[in-house]
Amino acid sequence: MFTFCSLQGAQSESLASQSLLELDGGVKVLVDLGWDESFDVAKLEELEKQVPTLSLILLTHATASHLAAYAHCCKNTPLFTRIPVYATRPVIDLGRTLTQDLYSSTPAAATTIPPTEEIARYFSLIQPLKYSQPHQPLPSPFSPPLNGLTITAYNSGHTLGGTIWHIQHGLESIVYAVDWNQARENVFAGAAWLGGAGGGGAQVIEQLRKPTALICSSRGAERNAQAGGRTKRDEQLLETIKAAVAKGGTVLIPVDSSARVLELAYLLEHAWRTDSMSANGVLKAAKLYLAGQNMASTMRYARSMLEWMDDSIVQEFEAFAEGQKKTNGTSDRKVGGPFDFRFMRLLDRKAQIAKLLSTVVHHGESHGHVILASDTSMDWGFSKDLLRGLASDPNNVVVLTDKPGLAQESGSSIARTLWSLWKERKDGITTEQTTTGDAIEYVNAGGYDLEIRDAKREPLEGEELTAYQQWLATQRQLQATQQTVGADGMEASADVVDDVSSESSSDSEDEDGQQQGKALNVSAALGQVGRKNVVLKDEDLGVSILIKKKGVYDFDSRGKRGRERSFPIAVRRKRNDDFGELIRPEDYLRAEEKEDDAVDGPNAAADDENLGKKRKWDDVQGTGANKKPQHGRGVVGGAFAGDGGEDGNTTGMQEGFEPDELDAAEDAETDEPEGPCKLIYTTETVAVNLRIAYVDFAGLHDKRSLNMLIPLIQPRKLILTAGTREETLALAQDCRAILGADSAAGGEKAGGSSADVYTPEVGAVVDASVDTSAWV
């Protein structure tokens, strides 16, 4: 048995993706935890209902539309952290930086999210997988047996570490392929349908061929492939930039902070390198910036994941490393590796953005600027601040690289509004000729009055605070009810890491698998228990007050039920399996994933002096008199210090940069309200006189690739999701015609029946079970 239900994304303008797969025996697999720019908690209600029944979770891409709700669910949904989650290493690391950037940039999400160190701990719970590595996952403690379920990740293109999932369960062979790209790009290799990079086969690989069900995205089904391919696309973007900076204008390119930004950053950095060697170069006079609060971390992770990129990136890095060995560091010209920026300057503070805008707008610099800024929606991040400052100058240009989604029918994002202006072209266009004779079109905004909403947090007072406290008490009671079984699981998880008492083992495979799942999620379980000690009141602790609060020895159990009638003591036992003692996952966390609990403690200064402790470059306290200070490291958090020096990033130390006033710009300290808060929205109207351009850098499948590959995959059932209604229905009609024609041409060999094509809407359940006819 196999049923499919789309929780978000099917036949919708929203880019958020959530899919629920239910297999034989009640096994439920959730694929993706997407959230759109509205950050509406109501859109996660259906997901929260499914959490107690989930067996495991799979993540496909490190984008907001695929995992933005992960940290929110870990923080606010009971039992969620006890569900095993699987993804590739790039999706884990880049997803962490995306989530941290998201929650530190927009108050709309920051009211319901954990702090940065908790986000790192949540992402450390995700178990990494490699491509083409079959894996039998562990079920959640409340899941039925998986009965040999096997998952395998394959490269999907589009993003670094992006995944096509193959799920094998009994007779069901399911391929989940949402947002993939068959074409090779500068950084990302093509999807693994035909063998991946260097494959070049005429047939789909055996592991992905003839699945019982193919779940495919329909986004881009009506878009035709650009003539000239990747080379023409890159040339179009560079010519669009050159024409704008030649007039002294500023080009703003909204990007994400984790995935597609790598393709754009690599292209522009190498374009500046090439142009700097030309006598008549236009770009070398312009300044190139990359703005985002966590961009330095993203680039640091990218430099450590070259093996996940296209072969050309690996070859470029190997050539650079070989050149460094030959010259022994004495060469006059050091080109640098693929992501060693010589021309692209990183900006990670709002004060730097304000200083840059004042330089561009008020001082009127003659040379142009090119700024890549997060986020693509332009509803949050530095791109929103930059648009507000650049909107009045008609020489400035906003280059959109993808069609923005529509989160709410009542109101669209800033990027969606600009895209609508570009598509409608009410105020005319400006055409300019390139050196190759091609025409570049800029759409005039014509003074459009754009409404920009800003959110501000303010503390609750009076009746609002009383109402919130009543609601919070109700939620705690509901959570305590739901965790009646979950609390026992947490105590059992704590037993796993206790080395005090006797050993014991289990002969049951089901119990053994559950204990392993609890061990792998022990970090989150213990973290949640620690947080409850802080936030829960005496009446909310219930019988647990006897062990969680000192000096309390009595508890009235009259009229109580369940666990409230017995003393809350946990039997401390060491858990073993057939392979020995279960491991402690927290012992294997990397440095950036660990919580530094001693920072605020009384012995913090002494801890900094311990060997093996990392410290920031400007922290000279306790280093000893014989330690020499580190010169030339720049200001912590600036462009020359990367992401603060704690992670060892030295992006800003590359040649080509000189210290200027941007390094001295520091964010003013603001007093954030404490306790329960509410969001107050203010609206500002900005007259937009700049020009709008569009270059397709979505990196997604188009109509040609879909119509070519789906018949080669030969699925028995085809489920189309993650696209607009028009795109989904159009692709379904094409697939029915193509698959039906192939089946008719195959005759008896093909069975004489065409594949079933389903186009479910959000919330609709599709039964796509395999058709079997067996006689004994």
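This is a short tour of a predicted model, with a few selections to make along the way.

**Stop 1: a strand near the start of the chain**

Select valine 31, which sits in strand 3 (residues 28–31). Valine 31 is buried, with a relative accessible area of 0%. Now show what surrounds it. Leaving aside neighbours within four places in sequence, valine 31 is in contact with Ser17, Gln18, Ser19, Leu21, Leu58, Thr60 and Tyr176. Add serine 6 to the selection too: valine 31 and serine 6 are 25 residues apart in sequence, and their C-alpha atoms are 9.7 Å apart in space.

**Stop 2: the cysteines**

How many disulfides does the structure hold? Zero. To see one case, select cysteine 735 and cysteine 216. The cysteine sulfur closest to that of cysteine 735 belongs to cysteine 216, and at 7.5 Å it is too far for a bond; a disulfide would need the two sulfurs within 2.5 Å. Cysteine 735 is also buried, at 2% relative accessibility. Then jump back to cysteine 5, another buried one, with a relative accessible area of 11%.

**Stop 3: helix 13**

Next, pick residues 414–424, which make up helix 13. Is this helix largely enclosed or open? Eight of its eleven residues are buried, so helix 13 is largely enclosed by the rest of the structure. Colour the buried ones: Ile414, Ala415, Arg416, Thr417, Leu418, Trp419, Leu421 and Trp422. What do they pack against? Bring up helix 12 (382–390), strand 15 (397–400), strand 17 (439–444), strand 18 (448–459) and strand 23 (691–694), and you have the packing partners of those buried residues. Before moving on, click arginine 425, which follows helix 13 and has a positive phi, near 55°.

**Stop 4: helix 22**

Now go to residues 703–713, helix 22. Begin at aspartate 702, which caps the N-terminal end of this helix: one of its side-chain oxygens lies 3.2 Å from the backbone nitrogen of arginine 704. Along helix 22, the buried residues are Ser705, Leu706, Leu709, Ile710, Pro711 and Ile713. Glutamine 714 follows helix 22, and its phi is positive, near 60°.

**Stop 5: out on the surface**

Finally, switch on the surface and select Ile547, Phe567 and Ile569. These three form a nonpolar patch there, with about 340 Å² of accessible area together. Where does phenylalanine 567 lie? Look in the loop between helix 19 (545–548) and strand 20 (574–577).

Notes
Residues are numbered from 1 along each chain as its sequence is written. This is a predicted model: local features need pLDDT of at least 70, side-chain atom pairs count only at pLDDT 80 or more; totals for chains, interfaces and linings use all residues. Side-chain values use heavy atoms; hydrogens and water are left out. Buried means under 20% relative accessible area, exposed over 50%, partly exposed in between (1.4 Å probe, protein chains only). Patches are made of residues with over 30% relative accessible area and no salt bridge: like charges are joined within 9 Å, nonpolar side chains (Val, Leu, Ile, Met, Phe, Trp, Tyr) within 5 Å. Accessible areas come from the Shrake-Rupley method with a 1.4 Å probe; for residues, only the protein chains shown count as cover. A salt bridge is a side-chain nitrogen of Lys or Arg within 4 Å of a carboxyl oxygen of Asp or Glu. Helices (H or I, at least four residues) and strands (E, at least two) are DSSP runs, numbered from the N terminus. Contact means heavy atoms within 4.5 Å. A polar contact is a pair of N or O atoms within 3.5 Å; within protein, one must be able to donate a hydrogen and the other to accept it, and residues adjacent in sequence count only if both atoms are side-chain atoms.
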